[in-house]
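Q: Please take a close look at a single part of this structure and explain, step by step, how it is placed among its surroundings. Once that part is clear, please extend the description to the rest of the chain.

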Amino acid sequence: CSMGNSTSRLYSALAKTLSSGTVSQHQDCLEQADSARLDPIDPKDLLEECQVVLQKRPPRFRRNFVNVKKNAASNHRPIRVMQWNILAQALGEGKDNFVQCPMEALKWEERKCLILEEILAYKPDILCLQEVDHYFDTFEPLLSRLGYQCTFFPKPWPPCLDVERNNGSDGCALFFAKDRFELVNSANIRLTAMKLKTNQVAIAQTLKCNETGRLFCIAVTHLKARTGWERFRSAQGCDLLQNLKSITQGAKIPLIICGDFNAEPTEEVYREFSNSSLNLNSAYKLLSPDGQSEPPYTTWKIRPSGECRHTLDYIWYSQHALNVNSALGLLTEEQIGPNRLPSFNYPSDHLSLVCDFSFNQDPDRLL
């Protein structure tokens with residue numbers, strides 16, 4: 001975790017990760033990261049170092065932003081939000097069984113550089129990640145030095161710990177640019193279902209936009225996976241919505257929710273968010289011709305049971321309070337290739353979602 005000014009020392013930071021997830025090692029890393037915050041990283045330098053590590057891999061896929069709000073009037077810079085399930089390293093190597101993905105493509109020393117390259121390419125103001133199991137030795141030390149304030153909430157009983165030589169718990173992580181926002185309130189939420197605490201979590205933070213003085217809430221979550229758990233996800237979604245109603249004072253504070261919901265648009269939990277009193281809309285619907293349909297997929301993988309192509313990842317937003325100016329287009333089937341994801345080209349089985357938001361200009365409808 002120790003990092004210095006020069007690019008050679010940046011390379012050292014990228015080339016090394018903790019070999020296990022013990023508390024003492026994580027504490028050592030946190031202490032070193034605290035001192036490292038005094039020494040900012042130039043994102044261009046970090047990107048160059050990532051590209052040195054990745055020079056034997058195919059180039060990163062190119063994706064274009066699609067303008068969805070024509071001639072949007074705004075008196076402030078857009079707020080760029082990135083949502084991404086980055087694939088926990090322990091799960092990718094030990095549990096998920098991506099039968100068409102060579103193990104060589106999953107090497108953390110290179111895969112982390114693919115993840116960082118994607119983040120650096122889109123320069124989000126707010127970054128919401130799931131399945132983060134290298135928070136302490138990679139993402140917190142590096143992103144804090146890029147100017148982000150970092151928060152991590154691990155799962156109580158992470159499946160990563162079942163994998164030999166794991167790097168500790170995975171969970172949700174939320175990062176925001178300190179030069180753009182001020183933290184007003186932060187809540188770590190352990191989701192409940194049928195009045196029982198579950199293994200799924202969320203982070204919700206109320207931020208103040210320095211440029212406009214406006215308050216808004218950003219939340220990140222990851223709901224229960226697998227077929228047969230639809231009612232469970234529905235209950236988790238209801239619990240999260242109840243928490244967010246309280247935090248946003250019944251939708252008085254604009255809201256953005258990022259997450260891997262592990263639910264297709266046909267599921268009850270999706271309908272709960274669509275019909276919530278928080279007046280939410282799904283940002284990526286706006287890419288469809290009629291503005292009413294979700295993308296055909298946000299994850300595409302091949303497991304022993306067969307090919308899995310699903311829409312599971314969403315960015316929800318308060319449609320009365322916020323405008324979506326643009327959204328990052330998804331990878332095409334041709335780009336993804338016949339072996340699907342992850343691959344030497346792309347580090348996760350889920351695609352990143354990126355949207356540019358602006359505040360609605362109607363002063364009577366916002367804080």
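**A helix and its surroundings**

A: The cover over the buried residues of helix α7 includes β6 (181–193), β7 (196–209), β8 (215–222), β9 (255–260), α8 (268–274) and β10 (280–282). The model under discussion is a predicted one.

The helix itself may be considered next. Helix α7 comprises the 18 residues 230–247, and at 1.5 Å a residue these should span 26 Å; the C-alpha atoms at its two ends are 26 Å apart, so the expected and computed values agree. A residue counts as buried when its relative accessible area is under 20%. In α7, the residues that meet this condition are Phe232, Arg233, Ser234, Ala235, Gln236, Gly237, Asp239, Leu240, Leu241, Leu244 and Ile247. An α-helix has 3.6 residues a turn, so residues three or four places apart point the same way. Just beyond the end of α7, Gln249 adopts a positive phi of about 55°.

Several of the strands named above belong to one sheet. This open sheet has six strands, arranged in the order β6-β7-β8-β9-β13-β10, and its pairing is mixed. Strands β6 and β10 lie at the edges; each has a single partner strand, so one side of each has no neighbour in the sheet. From one strand to the next, the twist averages 20°. Helix α7 packs on this sheet and touches β6, β7, β8, β9 and β10, while its direction makes about 145° with that of β6.

One pairing within the sheet deserves attention. Strand β13 (residues 313–318) is joined to β9 in the antiparallel sense over five bridges. Here Cys258 stands opposite Ile315 of β13. Strand β13 also contains Ser318. Ser318 has a relative accessibility of 1%, and it therefore counts as buried. Beyond its neighbours within four places in sequence, Ser318 has contacts with Pro254, Leu255, Leu278, Asn279 and Leu280. Asn279 lies 39 residues from Ser318 in sequence, yet their C-alpha atoms are 5.8 Å apart in space.

The description may now be extended to other strands. Strand β15 (residues 353–359) has seven of its seven residues buried, so it is largely enclosed by the rest of the structure. Its residues point in two directions: Leu353, Cys355, Phe357 and Phe359 to one side, and Val354, Asp356 and Ser358 to the other, and all are buried. Strand β14 (residues 322–328) pairs with β15 in the antiparallel sense over five bridges, and Ser326 has Asp356 of β15 as its bridge partner.

Strand β15 also pairs with strand β2 (residues 79–85): five bridges join the two, and they run antiparallel. Met82 stands opposite Val354 of β15, and Gln83 has Leu353 of β15 as its bridge partner. In β2, seven of seven residues are buried, and the strand is mostly covered. Ile79, Val81, Gln83 and Asn85 point one way from β2, whereas Arg80, Met82 and Trp84 point the other way, and all are buried. Strand β2 is also joined to strand β3 (residues 126–132) by five bridges, and these two strands run parallel. In that pairing, Val81 has Ile126 of β3 as its bridge partner.

A contact between two helices completes the account of individual elements. The axes of helix α5 (residues 108–122) and helix α6 (residues 135–145) come within 12 Å and cross at roughly 35°, and this crossing is right-handed. On the side of α5 the contact is made by Trp108, Lys112, Ile115 and Leu116, and on the side of α6 by Thr138, Phe139 and Leu142. The residues of this contact comprise five nonpolar, one polar and one charged. Helix α6 is mostly covered, with 11 of its 11 residues buried. Gly147, which follows α6, has a positive phi near 100°.

Finally, the chain may be viewed as a whole. It has nine helices and 15 strands. Of its 367 residues, 58% count as buried. Among contacts between residues at least 6 apart in sequence, 78% join residues at least 24 apart.

Technical notes:
Residues are numbered from 1 along each chain as its sequence is written. This is a predicted model: local features need pLDDT of at least 70, side-chain atom pairs count only at pLDDT 80 or more; totals for chains, interfaces and linings use all residues. Side-chain values use heavy atoms; hydrogens and water are left out. Axes are lines fitted to C-alpha atoms, for helices over the stretch in contact, and angles run from 0 to 180 degrees between N-to-C directions. Helices (H or I, at least four residues) and strands (E, at least two) are DSSP runs, numbered from the N terminus. A crossing is left-handed if the near helix is turned anticlockwise from the far one by less than a right angle, and right-handed if clockwise. Contact means heavy atoms within 4.5 Å. Ala, Val, Leu, Ile, Met, Phe, Trp, Tyr, Cys and Pro count as nonpolar, Asp, Glu, Lys and Arg as charged, and the others, Gly among them, as polar. Buried means under 20% relative accessible area, exposed over 50%, partly exposed in between (1.4 Å probe, protein chains only). The expected span of a helix is 1.5 Å times one less than its number of residues. Two strands pair if DSSP finds at least two bridges between them.
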